[in-house]
Amino acid sequence: MERLEIEGGYPLQGEVPISGAKNAVLKLMAASLLAENECIIRNVPLIKDVLTMIEVLRSLGAEVSWADHAVLRIVPKKDLGYSAPDELVREMRASVQVMGPLLSRMRKVKLFQPGGCVIGQRPIDLHLKGFQSLGAKVVEEHGYIYVQADKLRGADIHLDFPSVGATENIMAAAILAEGVTVIRNAAKEPEIIEEQNFYNRLGAHIRGAGTDMIRIEGVKALRSIPIDYTVIPDRIEAGTFMLATAISKGEIRLKEIIPEHLESLTAKLKEAGVEVEVKEESIRVKAGKRLRAVDVTVLPYPGFPTDLQPQMTATLALAEGTSLLTENVFSGRFRYVDELVRMGANIRVEGRSAVVKGVPCFTGASVVAPDLRAAAAMVLAGLAAKGKTTVEGVDLLDRGYEKFEEKLASLGARIKRLVTDEE
Ligand code: EPZ
């Protein structure tokens, strides 16, 4: 087991490079299954989920290799498989994002039923309903999902919830369908725009990504041309470093990012009394004094992102006053709170809300992270705590953050990775 040990009390100072967006690149890798020729994807972060997705694509018969540092080369074969290995689907839920491309290309897909996870229920009913609207048959039995379609026809689909994954999977399944598909109440995350751009480079006809209505005009075939695509920076990694600066009362500059992807966080940090200077492609964050309490409502994009909720909660746990955080995206995303309480936080969870009563300080403790973003939140708490904090669950961090502790150490944090002797 690996863990991170943090000596608190060192404000972050300096500049930090932000890696490519995990929640975009995983989908572009899945989308490349639809390509007729070589796909070069640049700015790919070296994180565990990317390595897992490489294995998923290889298991389906695609040729995947690193063309250079942070550059993937993917060449799908004609006769792709249609079922990814169970253990990979079990390991990474994002594997479900191969369903849309495989349904488009192979007209069938079989996948191990993806489990829920520690942040709560994560069904894929909206994905499957979308596939059925396009004319596919869905059978769920023996723990597997079988989707099959002799023909896919365009449809007018309204999502009960603006699900990111469902929007992406339905978009992929509609690209080669006969006729026009409209997805209403679609997710508006920047990652959806990335997929629209990527598919249109392959010859698809998609409009409207980034709004709540996406229109896909089915085409007979995609172009057989190689494409070369650079992924956007990771807004959640960037937001995590902004909050790390706030909680450690430091001053950093984030370069080569897209500031408008972080508008909801920027607004909240300013409201809490943090100095945030936004430039064309960079953000400077400076937090000298204790933050003021603010209320936060997590909502689908462009609302405050659920993937920054744990990090925000940890930061507000040290603010002056009481904050109310309401989580409207995932049903179980406060499970990490007990670990923060062990460090001295005063947080009471009531259903979808957490009442966070600011305390003057945390004391270092040994804590265990239940999921990726909670692990980041605990590291942030350790940056501010008096004394030493050890965070179990580094493997979770490695799934979504590239060189997390190195980047923090380069900003002055006292943090190191320990390999515990007991297995
Ligand atoms: C993506 O998950 C991200 N993961 C998540 O990031 C992110 O938190 C989430 O979008 C919301 O922004 C990837 O992109 C790989 P959803 P996804 O479908 O697509 C319910 C991280 O830490 N729902 O928008 O699974 C669902 O249960 C991860 O990087 C249904 O009920 O999110 C949840 O409550 C965590 N039925 C809500 O919608 C469905 O068919 C949002 O889920 C689909 C979703």
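The following legends describe close-up views of a predicted model. Local features require pLDDT of at least 70 and side-chain atom pairs pLDDT 80 or more, while totals for chains, interfaces and linings use all residues. Residues are numbered from 1 along each chain as its sequence is written, and side-chain values use heavy atoms, with hydrogens and water left out.

**View 1. Polar contacts of the ligand (pairs of N or O atoms within 3.5 Å).** A backbone N or O atom of Val329 lies 2.5 Å from a ligand oxygen. For Leu126, a polar backbone atom is 2.7 Å from an oxygen atom of the ligand. The side chain of Lys27 places an N or O atom 2.8 Å from a ligand oxygen. On its own the ligand has 830 Å² of accessible area (Shrake-Rupley method, 1.4 Å probe), of which the protein covers 88%.

**View 2. The shell of residues around the ligand (a heavy atom within 4 Å).** The ligand is surrounded by 25 residues, of which Asp125, Leu126, Ser163, Asp307 and Val329 come nearest. By class, 10 are nonpolar, 6 polar and 9 charged; Asp, Glu, Lys and Arg count as charged. Domain 1 (2-19 + 233-419) and domain 2 (22-230) each supply at least three residues of the shell; the domain bounds come from an automatic or database assignment.

**View 3. The hairpin of strands S4 and S5.** Strands are DSSP runs of E with at least two residues, numbered from the N terminus. S4 (residues 63-68) pairs with S5 (residues 71-75) in the antiparallel sense over 5 bridges, where pairing requires at least two DSSP bridges. Glu63 has Val75 in S5 as its bridge partner. Between the strands are 2 residues, and Ala70 in the turn has a positive phi of about 65°.

Notes:
A polar contact is a pair of N or O atoms within 3.5 Å; within protein, one must be able to donate a hydrogen and the other to accept it, and residues adjacent in sequence count only if both atoms are side-chain atoms. Helices (H or I, at least four residues) and strands (E, at least two) are DSSP runs, numbered from the N terminus.
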